[in-house]
Amino acid sequence: RAEVNRDASDPVWITFSVDVQTDLGGSAVRHILVRVWNWKENGVHQEIGSADLKLVECGENDFVLALALDGATGQGGISFSIVPDSHPVVSSPPPLVVRTAPAFLIHASGRKIAKMDGGLLKKQDSDPFFRIIAPSGVCLYRSEWIMKTSNPDWKPFPISLSDLTNKSLDDKITVEVFDFDADGGMDLCGREQTTLRNLLHGLPYRVGLFQGDGKPGGAFEISRVDPIAQ
């Protein structure tokens with residue numbers, strides 16, 4: 001996933017790499033689905049369009065694909081310039097470490113977390129904390145709560161591939177944000193499923209959160225990821 005280009009209809013993204021052996025099973029004729037999104041502050045990003053890419057068709061010249069949404073074209077185009085592996089790209093972004101790192105220290109924050117009803121008195125802000133839930137339902141991490149804020153900056157937290165069911169970056173994990181209450185009656189501000197792979201690329205990244213009735217609950221943002229050697 002690329003970084004966000006703000007207020008741009010002709011974005012230019014940082015160079016990224018595709019390893020034919022590792023990522024495509026050794027075949028340059030495999031289809032790659034390219035999806036382009038319009039970034040939204042609440043984490044509920046809007047898809048602009050998608051295109052089907054084959055590396056074997058690109059050659060070494062610029063290659064342009066039309067973007068389509070629900071089968072309709074006219075959504076613009078996306079252009080690729082292919083650099084062969086005989087000319088290694090030294091400016092590739094740091095997230096490439098995800099291929100080898102077994103664990104990560106993740107810097108997370110909340111943005112516009114929903115203000116929950118604190119009983120008879122309406123609270124001005126929540127006292128939010130979050131949990132990371134594995135596919136098995138096990139809680140992998142619970143953060144500290146931060147008092148009276150809708151935009152908390154939590155302490156960095158560790159997560160390891162060995163904690164996940166299939167030990168894969170693509171295992172589904174659930175992010176849950178709650179409003180802390182001293183009586184133990186924690187209110188859900190919002191939750192959403194994502195993957196470690198989503199959290200590690202194109203930072204900062206926001207996951208839109210939703211309450212039980214489907215209402216927006218704010219966003220969970222990842223601003224930085226540091227690999228941890230084990």
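**Close-up views of a predicted model**

The accessible surface of the protein adds up to about 13,300 Å², and carbon and sulfur atoms hold 52% of that. Keep in mind throughout that this is a predicted model.

**View 1. The whole protein, with its 2 helices and 14 strands.** Before zooming in, here is the overall picture. Of the 230 residues in the protein, 36% are buried. Take the contacts with a separation of 6 or more, and 50% of them join residues 24 or more positions apart.

**View 2. Phe130 meets Phe220.** Searching the whole structure turns up 8 aromatic pairs. In one of them, the ring centres of Phe130 and Phe220 are 5.1 Å apart and the planes sit at 65 degrees, so this pair counts as edge-to-face. Phe130 belongs to strand E8 (residues 128–133) and Phe220 to strand E14 (residues 216–228), so the pair ties together parts 90 residues apart in sequence. How buried is Phe130, going by its relative accessible area? That area is 0%, so Phe130 is buried. Phe220 is buried too, again with a relative accessible area of 0%.

**View 3. Trp154 also pairs with Phe220.** This one is tilted, with 6.1 Å from centre to centre and 35 degrees between the planes. Trp154 comes from the loop between strand E9 (139–142) and strand E10 (157–160), while Phe220 is in strand E14, so parts 66 residues apart in sequence are tied together here. Both Trp154 and Phe220 are buried. Step back a little and a cluster appears: ring pairs link Phe130, Tyr141, Trp154, Phe157 and Phe220.

**View 4. Two arginines over rings.** The charged end of Arg1 sits over the ring of Tyr205, 3.5 Å from the ring centre. Over at Phe129, the residue lying over the face of the ring is Arg142, at 4.2 Å from the centre.

**View 5. The largest nonpolar core, 28 residues in all.** Which residues have the most contacts inside this core? They are Phe104, Phe130, Ile132, Phe157, Leu196 and Phe220. At least two core residues come from each of strand E5 (103–111), E8, E10, strand E11 (172–179), helix H2 (196–200), strand E13 (205–210) and E14. For a closer look at one member, follow Leu196: leaving aside residues up to four places away in sequence, Leu196 touches Phe104, Ile106, Ile159, Leu161, Leu164, Leu169, Asp171 and Ile173. There is also a second, separate core of 11 residues, and Val34, Leu65, Leu67 and Ile78 are among them.

**View 6. Ser150 and the residues around it.** Ser150 is in the loop between E9 and E10. Is Ser150 buried or exposed? With a relative accessible area of 9%, Ser150 is buried, because anything under 20% counts that way. Not counting residues up to four places away in sequence, Ser150 touches Gly110, Arg111, Lys112, Ile113, Lys115 and Asp125.

**View 7. Lys115, one of the residues that Ser150 touches.** Lys115 is found in the loop between E5 and strand E6 (117–118). Its relative accessible area is 48%, which makes Lys115 partly exposed. Asp125, another residue touched by Ser150, is 10 residues away from Lys115 along the chain, and the C-alpha atoms of Lys115 and Asp125 are separated by 5.1 Å.

Terms used
Residues are numbered from 1 along each chain as its sequence is written. This is a predicted model: local features need pLDDT of at least 70, side-chain atom pairs count only at pLDDT 80 or more; totals for chains, interfaces and linings use all residues. Side-chain values use heavy atoms; hydrogens and water are left out. Rings of Phe, Tyr and Trp (its six-membered ring) pair if their centres lie within 6.5 Å; planes under 30 degrees apart count as stacked, over 60 as edge-to-face and the rest as tilted. Helices (H or I, at least four residues) and strands (E, at least two) are DSSP runs, numbered from the N terminus. Buried means under 20% relative accessible area, exposed over 50%, partly exposed in between (1.4 Å probe, protein chains only). A charge sits over a ring if NZ of Lys or CZ of Arg is within 6 Å of the ring centre and within 35 degrees of the ring normal. Contact means heavy atoms within 4.5 Å. Accessible areas come from the Shrake-Rupley method with a 1.4 Å probe; for residues, only the protein chains shown count as cover. A nonpolar core is a set of buried Ala, Val, Leu, Ile, Met, Phe, Trp, Tyr and Cys residues joined through side-chain atoms within 4.5 Å.
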